[in-house]
Amino acid sequence: MKFKEKYNFLFLCTGNSEPCIIAESLLNRIGNGKFFAYSAGNNSTGKIHPCTNKLLKTLNVDTSELRSKNWGVFVSQRPPQRDCVVAVCDNAAGKACPIWLGAPIKLHWFLPDPAGFKGSGKEILAVFRNVYVLIEKGTQIIANVARHKFDKMVLEKKLNQIVKTHSNFSGTQEND
């Protein structure tokens, strides 16, 4: 069986301005050339949430290549190959998703959408940080599992076990 040397991940959320942008930037950052992450939304806002930008910049994450985009760009005639599609927010639960060609692994992380939080600027940024920590844990788990040369069926099983074991990525990480 042929093993992949590189995995492409597509992170989805409603507006493509918060959690999936964070997931895209983190997996690209920690992927060391093994991963390429994209993000998109079914109702793209066209811009990244200001708190997402502020948070990523304070954490020294390059935001120059990040942009909010509709998932229609990934169902075009020549989209990039996707190995895994991950819906990352509660708002995406039950929403109709496109049919992704190539039979990618499909996962759902039930993360809160920080853009809906009401409070002071400091409180809102704290909510964004909490979501960032959850996504960071999830992307680290993905990177640790997928760095091994698993075939697609084994990788899918491992990633689904992680989602079940680490609901909202709370608790401790298992060594795989």
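Which residue in β4 does V86 stand opposite? The answer is L107.

This is a predicted model, where local features need pLDDT of at least 70, side-chain atom pairs count only at pLDDT 80 or more, and totals for chains, interfaces and linings use all residues. Residues are numbered from 1 along each chain as its sequence is written, and side-chain values use heavy atoms, with hydrogens and water left out.

Now for the sheet itself. Four strands (E runs in DSSP of at least two residues, numbered from the N terminus) make up an open sheet with parallel pairing, in the order β2-β1-β3-β4. At the edges sit β2 and β4, each pairing on one side only. Two strands count as paired if DSSP finds at least two bridges between them; β3 and β4 have 4 bridges, in the parallel sense.

| Strand | Residues |
|---|---|
| β2 | 35-41 |
| β3 | 84-87 |
| β4 | 105-108 |

Helix α1 (helices are H or I runs of at least four residues) spans residues 19-30 and packs on the sheet, touching β1 (7-13) and β2. Its direction makes about 170° with that of β2, with axes fitted to C-alpha atoms, for helices over the stretch in contact, and angles running from 0 to 180 degrees between N-to-C directions.

Then there's V88, in the loop between β3 and β4. V88 is buried, at 0% relative accessible area (buried means under 20%, with a 1.4 Å probe and protein chains only). Leaving out residues up to four places away in sequence, V88 touches F11, L12, C13, P19, C20, W109 and L111, contact being heavy atoms within 4.5 Å. V88 and L12 are 76 residues apart in sequence, yet 6.0 Å apart in space, C-alpha to C-alpha.

Methods:
Buried means under 20% relative accessible area, exposed over 50%, partly exposed in between (1.4 Å probe, protein chains only).
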